[in-house]
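Reader: I have a structure to read and some questions about it. Can we take them one at a time?

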Amino acid sequence: MPALSKLSRRQFLAVTAASLLLGACGNGRQPRIGLALGGGGAKGLAHILMLEVFDELGLTPQRIAGTSIGAIIGALYAAGRSGREIRALIEQFLPPSDAGEQTLFALPKSLRWLEFVDPSGRGGLLSSDDFIAFLGEQLGVQRFSELRIPLEVVAADLWSGDAVTLKSGNLLPALQASMALPGVFPPVTFKDRQLIDGGVANPLPYDLLGNDCDIVVAVDVSGDLQRDGDEQLTFLGVLFHSFHIMTANLVAEKLKRQRPDIFIRPEILDVRVLEFYKAHQVFADAAPARRQLLHALQTRSSRFAGRPGCSMAGN
């Protein structure tokens, strides 16, 4: 082992985390960490910062469960992309941090977002086919079994309203279903069911990780919206805000019944579902939550005592 004085900050954190984990585990193994990434559209870019924490500490989730944008970013990570690599992938589409909304479509790279937006007449305003094709290129895999980390993708059955957990077979249709926001993207026919955005039934799927994990981490990126008295009530504005209210209520009720070991909720303000050009703001708003997760993982790891299953006590 190199001398401590020569270790970088990242190396020091990784060594410290590993020491805590090995010292706390009675049988010498690292705790099995389950990671749940919630839905939230553009606010879900905050998940990237949380993945960077795992990379910084040298930790790898044993399982990931994701809904909507959480499923997409979770799939990239499960396929082997680091948090930093996912951030770089997103940033290639962004305007400079000092550019406003009015300049978004005047920037050449920003126009690349338009490649993924097509009119749709199949039960939604837009088609996600081109985005899913692009995502497939970035993932480099086609099936769940090819992922390096087991992934569970949450969608919802359009007719029954039941949550549908997808974890085997073709990966891309599952991701497309999980992000099929009602009214915006059309439902996806998958395994003889009409599926829509998983946020309708389970926007933060940490409950899927409780059977064989020692520590469950849940990241809620629903954020908050302030009312603007002068804002006109557009169709999409009402749709997105109503969906936000519904998913926030679902998560609140779920937390009353059962809490994950580590619950992280970045304070992201006034970023709407499709406002991906606000990524710089999302990253800035999520920075305190990133530090919270870093501390919580270090603390939980030091207390871990080799339990065989997951504790769902609140933090």
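Author: One definition comes before the rest: a residue is exposed when its relative accessible area is over 50%, buried when that area is under 20%, and partly exposed in between. Note also that this is a predicted model.

Reader: Is Lys 256 buried or exposed?
Author: The relative accessible area of Lys 256 is 64%. The cut-off for the upper class is over 50%. Because 64% meets that cut-off, Lys 256 is exposed.

Reader: Which residue meets Lys 256 in a salt bridge?
Author: Side chains of opposite charge can pair when their charged atoms come close. Here the N to O distance is 3.0 Å. Both partners lie in helix α7 (residues 235-257), 3 residues apart, which is about one turn of the helix. The partner of Lys 256 is Glu 253.

Reader: To what extent is Glu 253 exposed, and what is its relative accessible area?
Author: The class between buried and exposed runs between the cut-offs of 20% and 50%. Glu 253 falls in that class, so it counts as partly exposed, and its relative accessible area is 40%.

Reader: What is the distance between the closest N and O atoms of Arg 290 and Glu 56?
Author: Arg 290 and Glu 56 form a salt bridge. This pair links distant parts of the chain, with Arg 290 in helix α8 (residues 279-303) and Glu 56 in helix α2, 234 residues apart. Glu 56 is buried, at a relative accessible area of 7%. The closest N and O atoms are separated by 2.9 Å.

Reader: How many residues of helix α2 are buried?
Author: Helix α2 covers residues 47-57 and is mostly covered. Its buried residues include His 47, Glu 52, Phe 54 and Asp 55. After the helix comes Gly 58, with a positive phi near 70 degrees. The count of buried residues in α2 is 11 of 11.

Reader: Which residue forms a salt bridge with Asp 261?
Author: The N to O distance in this salt bridge is 3.6 Å. Asp 261 is in the loop between α7 and β10 (262-264), and its partner, 39 residues away, is in helix α8. Both residues are buried. The partner of Asp 261 is Arg 300.

Reader: How many salt bridges does the structure hold?
Author: Some of the charged residues are linked in a network: Arg 32, Arg 63, Glu 152 and Asp 212. For the structure, the number of salt bridges is 13.

Reader: Which ring does the charged end of Arg 87 sit over?
Author: The charged end of Lys 254 sits over the ring of Tyr 206, 4.5 Å from its centre. For Arg 87, the distance to the ring centre is 4.5 Å, and the ring belongs to Phe 283.

Reader: What is the relative accessible area of Val 217?
Author: Val 217 is found in strand β9 (residues 215-219). Beyond its sequence neighbours, Val 217 is in contact with residues including Ile 33, Phe 54, Leu 293 and Leu 297. The C-alpha atoms of Val 217 and Leu 293 are 8.8 Å apart, although their positions lie 76 residues apart along the chain. Val 217 is buried, and its relative accessible area is 0%.

Reader: Which helix gives the largest share of the largest nonpolar core?
Author: That core has 77 residues, and among those that touch the most other members are Phe 54, Val 217 and Leu 297. The largest share is 9 residues, and it comes from α8.

Reader: Which residue in β6 stands opposite Val 153?
Author: Strands β5 (residues 151-157) and β6 run antiparallel and are joined by 4 bridges. In their hairpin, 5 residues lie between the strands, and Gly 161 has a positive phi near 80 degrees. The residue opposite Val 153 is Leu 166.

Reader: Which residues of β6 point to the buried face?
Author: Side chains alternate along β6 (residues 163-166), with Ala 163 and Thr 165 on the face that is not buried. Ala 163 has 41% relative accessibility and so counts as partly exposed. The residues on the buried face are Val 164 and Leu 166.

Definitions and conventions:
Residues numbered from 1 in each chain as written. Heavy atoms only, no water. Buried < 20%, exposed > 50% of the residue type's maximum accessible area, 1.4 Å probe, protein only. Helix = DSSP H or I, 4+ residues; strand = E, 2+ residues; numbered from the N terminus. Pairing = 2+ DSSP bridges. Salt bridge = Lys/Arg side-chain N within 4 Å of Asp/Glu carboxyl O. Contact = heavy atoms within 4.5 Å. Lys NZ or Arg CZ within 6 Å of the ring centre and 35° of its normal. Core = buried A, V, L, I, M, F, W, Y, C linked by side-chain atoms within 4.5 Å. Lists of a residue's contacts leave out its neighbours within four places in sequence.
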